[in-house]
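Please look over the sequence and the model below, keeping the cysteines and the helices in view. The paragraphs that follow take them in turn.

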Amino acid sequence: MSNYIIKYAKDERVRYISHLDFMRTFYRTARRCGLNMAYTSGFNPHPIMTVAMPLSVGVTSETEYMKIAFSEEYTEEEVKSGLNSAFPNGLSVIAVKKLEGKETEFAKINKVVYETELECNDCGLFSEADFLNNKSLLVMKKTKSGEKEADIRPYIYDFSAEKTDTDKMKVKMCIAAGNDYNLKVETVLLAMEKYSQGLKITFSCSHRVKILADDKEIL
């Protein structure tokens, strides 16, 4: 059995494919291009594959990661070219790394970077400087035990906003992710509305730019 980390992208054509549907698509793609996946043992064997951070429906990305095991040994180029030859439009492999052991950087993921396009009632109501000057940003955040008020300000590491029209804005943010703390783009948008009097965000569209492990890209 050989293990690999695969970096792949999802564009607008597949933004509404769910995580489960993507896993099925990947499995069928591997079979179609002749890559023999490794399976778990037991009464209900399934492919050995782990996605670093499942992507929310409606979000595109240029930096997704998966760890996968094959029953045979392939070169990195064989895996990359094989998958790209059989993937449906909208999915593409960017890089492949063969692992020497079982090591993976997924447990070290601590930050993600998003670019988000917004439409709002009046973007002039939002001030980037005033927003970032808040010592705390208290919003309702979903947890396993329900919703509770949380201060997300310590988990926004970088943030910039560019107004492109009176009702449109582009936001880039680097926020916490991983096992220790996971902050969603939607929660940051709620804080933008709460701390900008009168601002209403009517539409948002996000694109994941980077996934960082110990502040570095995995591949």
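Cysteine 120 and cysteine 123 form a disulfide, with their sulfur atoms 2.4 Å apart, where a disulfide is taken as a pair of cysteine sulfur atoms within 2.5 Å; by this rule the count comes to one disulfide. The torsion about the S-S bond of cysteine 120 and cysteine 123 is about 120 degrees, so the disulfide is right-handed. Cysteine 120 is buried, at a relative accessible area of 5%, and cysteine 123 is buried at 1% (buried means under 20% relative accessible area, exposed over 50%, and partly exposed in between, with a 1.4 Å probe and protein chains only). Cysteine 205 is in no disulfide, the nearest cysteine sulfur, that of cysteine 120, being 15 Å away.

This is a predicted model, in which local features need pLDDT (the predictor's confidence in each residue, from 0 to 100) of at least 70, side-chain atom pairs count only at pLDDT 80 or more, and totals for chains, interfaces and linings use all residues. Residues are numbered from 1 along each chain as its sequence is written, and side-chain values use heavy atoms, with hydrogens and water left out. The mean pLDDT of the protein chain is 94, and 99% of its residues reach 70 or more.

Turning to helix 1 (helices being DSSP runs of H or I of at least four residues, and strands runs of E of at least two, numbered from the N terminus), its buried residues are Phe22, Met23, Phe26, Thr29 and Ala30. They cover an arc of only 125 degrees around the axis, which puts them on the same side of helix 1, the arc being that of the directions from the helix axis to the C-beta atoms. On the other side of helix 1, Arg28, Arg31 and Arg32 are exposed.
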